[in-house]
Amino acid sequence: MFKQNKYLLWALMVITQMFTALSSNNTWSCSDTESIPRSKLCDGFVDCSNGRDETALECVTEPCSEDEYRCAYGACIKAEKKCNKQIDCYDRSDETDFLCGTEEEVSKKIRGNCSDVEFQCVSGECIDEITMCDGIVDCSDSSDETVESCSHIECSDLSFRCAYGACISIEQLLDTIWDCVDGSDEVQIVQSQPVSSEVEAEKHEPEKPDIETCSIPYQNPHLITKLIKDGVEVNTALSYYDKVLRHDFVKFECSPTFTLIGAERLECINNDWYRQWPHCERPDNLRPCRANETTCDNGDCINPAALCNGVKDCRDGSDEIPQKCLNRTCTENEYKCKYGACIPKDNRCDKKIHCADGSDETTLLCSSEDNYAKALQGSCESEDLIQCRSKECIEYHLICDGIPDCSDGSDESVEMCAHIQCTDSSFTCAYGGCVSNYVLCNGEVDCADGSDEIAEICAPIVIENQKYEDMYNYDDNVNTNIDQYDVINEKRNFVEKAIKEKVVTVIVGPEVQTKPVVVNKQETIHTEMAQKRCTIPPNRPALRVINEAQNVTIKVGGQVNAHDIVTFSCEDTWHLVDGQTEALCMSSGEWSTTVPRCEKRCLPQWSGISTHTTCSYKNKSADCQTMHSKPETKALVKCATGYKPLTKSEELICDDDGEWSQPKFKCKPQCVTLSGDMSKRAEVLVKIFSLGYKGSNHPESFSLKNDLQYGMACIGTIISPKLVLTSALCFSTNKLNNRIAANDPILYSILPAATKKESFGQYEQPPGRHNISQIFIADKVLGDNIDTPAIAVLADYFVIIPNKIMPICLQFSGKCLNHKIIETTEAFLEGTVALKGNDCFVLAGLTKYIFMDEYQQWLETKVMLHKYIL
């Protein structure tokens, strides 16, 4: 029934989408303020400024006609556009090598250097071909679950196609687990919920604890900020748009020769930093630069004229970096290097590098018009395509837009972009790419090198933006706010114009050309660029990853959006190691802390009363008695005093499978072999006392608190550290004459036989006293008219001391010969045990014997039951 309901749900969603399409006036809403023609939805090209029209969320269930090719993420393009060496699917799934190569080429590329039934990962590993594109990462670099590897795969009718081409069972659809590496099997959970019910759904949704984070504020140019997790420094330096988790620390350092002013580290508490952010200052012991000099980051002093002139005059090169030069204005007679420096215009393309980044001597900048076109097109068939260094072909309008479209990122490099001049409505990245001024300093990386979010550039812009935001708070008197309104309206118009179109200037040799570039596509991609994803390493068996905000489980090898927080745990019997229980995906696409792994560990080696265990891990002492042990832990087990080994091996090693290399080293108590003269073997005997009234048989005349005492009842024999063997007659009478059963252990207590006490108070604690937790009385053997044996179980246990306190050796010879009655019992007390040779009895009374061979099985069962204490 569940399966049928799931299929029904899936079909219902598709029907709902089709119905919506027919009833929406042929438009589709990108957002509350933007709509596009429905015909442009999922057509392979981004038309919404937020990019929502070309995502798996909207397209993964999109049906395509027979004359259309379906992109991996679901968009539909004309069938003839597939493999035309021009990218028509937004995810490039129509132009992959596996899809477009001949059968022989594809087979060769799949096999690589592996066998005929294997797939070679990009990392060089070999995996079974059948495991590629199944939603489970098998390659260490995840290359078996990518658009490049999977877009050519055709899924069956009973399968669901992930947004990158892999196939999973339709039963895995909408089960709140990311069975596709990209999570596209769960995107319809969001879409299937009506907008009108969102508020109602929130009412019934259980409250989740808010996850606290702190943002990195704008940094002093010389301040280096690093994340600290549990005292361990994370290598990645933090940028101001990054966030850190609650209770995480950040550590501060300064550039060489600068001094840190303020706290060396701060903790994220209650969504904020509890102290002022530090800064860096030039130390007083360095010679201060004169008024006519400029200070380098390392403290050197240079002539201001040498700043951003293309030559590194500071020893650390800090005079020729985007932070110093990007906002620099060059004269008409100067050429502006891509990172901002100014050089004489005549130095451009003179076959000598004058810009520190080499942007004055790139091939495209210095080629003639014919050579320029050929250099761009390379071996691509169409003039509208350019060739990446990796030999891929991408559309011309995709170059230098801030988004790497070539797999090697060569479309966003100084070599490819130095010849482009951005318009006044665009910002020039430090390598030459152009992004809209609208996205400048928005807290998200839009330039491929992140130069649109440099603190030195963004700090004054953010301050200025704050002024505009304050202007929105005008009162009802229009006359008093008309000036602010005009300023706001002017800014709005400027932003809208910048979004609608962008024109870039292309410099080719002595020629200057202008080419329009569609910005609505670019703006969408900026959003995608800002949302870099973090990957769960595939080599993490048994690791559970949960995105609490989305309420989904992510498989190893899967990806997480930037700024999402996940929690880690392990499957049963595995233990989380080498990391924290939660991590934040930072905007750089890196985790805020190391992703932990799960490992099998060995069960604790409890010392018990018979053994002493000491453990070491990598030559350091380790606790293996109360905690599970890591692989390679060594346990050295030795017998305690009064015990002797049962096995030879003493050293155990914890293996990778979570099992000790050998069974636990065992010891057994040293014991006494009895002779006929019991009176000389007192170390095996104990006195059993029963609770009664002091000196009277009239309980109504006594106070229970002060007048109860233990009196001698019988003798017992120690048969293990936990057990005493005696006669059932010992537990046959309740001297208190109340309703408590005569064999209730609360009425009895035990002292060593060597004690001289014949009685003691109820609450008195004489040396060697042991209370009893259980009493076992054996059933009578058929036809036996004498009493039966009994066993008293101690609440604690005897500490074996050779020649003082020891158990008797249980050595049955099979049958007690002739069940001979001993003529004199003067040497034996009631409850005495003899278990050797012909003597194997319990003395139940002065003349009554219980022959233990008839109770051997019962006795051995009780002993085995209580061996756990060893």
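Reader: Which residue meets Lys 109 in a salt bridge?

Author: This is a predicted model. In it, the side chain of Lys 109 forms a salt bridge with an N to O distance of 3.9 Å, which falls within the 4 Å cut-off. The pair links distant parts of the chain, helix H4 and helix H3 (residues 97-100), 12 residues apart. The partner of Lys 109 is Asp 97.

Reader: Is Asp 97 buried or exposed?

Author: Lys 109, on the other side of the bridge, counts as partly exposed at 44% relative accessibility. Asp 97 has a relative accessible area of 51%, and the class above partly exposed begins over 50%. Asp 97 is therefore exposed.

Reader: How many salt bridges does the structure hold?

Author: The pair of Lys 109 and Asp 97 is one salt bridge, and Asp 300 with Arg 315 is another. The side chains of Arg 597 and Asp 578 also meet in one. The total for the structure is 13.

Reader: How far apart are the closest N and O atoms of Asp 300 and Arg 315?

Author: Asp 300 lies in the loop between strand S19 (294-295) and strand S20 (301-302), and Arg 315 in the loop between S20 and H8, 15 residues apart. Asp 300 counts as buried at 16% relative accessibility, whereas Arg 315 counts as exposed at 71%. Their closest N and O atoms are apart by 2.6 Å.

Reader: Which residues are linked with Asp 578 in a network of salt bridges?

Author: Arg 597 and Asp 578 meet at 2.7 Å, N to O. Arg 597 lies in strand S37 (residues 597-600) and Asp 578 in the loop between strand S35 (574-577) and strand S36 (582-584), so this pair ties together parts that are 19 residues apart in sequence. Arg 597 is partly exposed, at 33% relative accessibility. The residues linked with Asp 578 in the network are Arg 597, Glu 599 and Arg 601.

Reader: Which residues form the positive surface patch with Lys 644?

Author: Lys 644 is found in strand S41 (residues 643-645). Its relative accessible area is 38%, so Lys 644 is partly exposed, and patch residues need over 30%. The other members of the patch are Lys 666, Lys 668 and Lys 867.

Reader: Which cysteine is joined to Cys 114 by a disulfide?

Author: The structure holds 30 disulfides. In this one the S to S distance is 1.9 Å, and the link is left-handed, with -85° about the S-S bond. Cys 114 lies in the loop between helix H4 (103-111) and strand S5 (118-120) and its partner in strand S6 (residues 126-128), so the pair ties together parts that are 12 residues apart in sequence. Cys 114 is joined to Cys 126.

Reader: Is Cys 126 buried or partly exposed?

Author: Cys 114 is buried, with a relative accessible area of 12%. Cys 126 has 37% relative accessibility, and buried requires under 20%. Cys 126 therefore counts as partly exposed.

Reader: What is the angle about the S-S bond of Cys 337 and Cys 355?

Author: The disulfide joins Cys 337 to Cys 355 with sulfur atoms at 1.9 Å. Cys 337 lies in the loop between S21 and S22 and Cys 355 in the loop between S22 and helix H9 (363-366), so the pair ties together parts that are 18 residues apart in sequence. Cys 337 counts as buried at 2% relative accessibility, and Cys 355 is buried with a relative accessible area of 2%. The link is left-handed, and the angle is -80°.

How values were computed:
Residues are numbered from 1 along each chain as its sequence is written. This is a predicted model: local features need pLDDT of at least 70, side-chain atom pairs count only at pLDDT 80 or more; totals for chains, interfaces and linings use all residues. Side-chain values use heavy atoms; hydrogens and water are left out. A disulfide is a pair of cysteine sulfur atoms within 2.5 Å. Helices (H or I, at least four residues) and strands (E, at least two) are DSSP runs, numbered from the N terminus. Buried means under 20% relative accessible area, exposed over 50%, partly exposed in between (1.4 Å probe, protein chains only). Patches are made of residues with over 30% relative accessible area and no salt bridge: like charges are joined within 9 Å, nonpolar side chains (Val, Leu, Ile, Met, Phe, Trp, Tyr) within 5 Å. Accessible areas come from the Shrake-Rupley method with a 1.4 Å probe; for residues, only the protein chains shown count as cover. Lys and Arg count as positive and Asp and Glu as negative; His and the chain ends are not counted. The place of a charge is taken as NZ of Lys, CZ of Arg, CG of Asp or CD of Glu.
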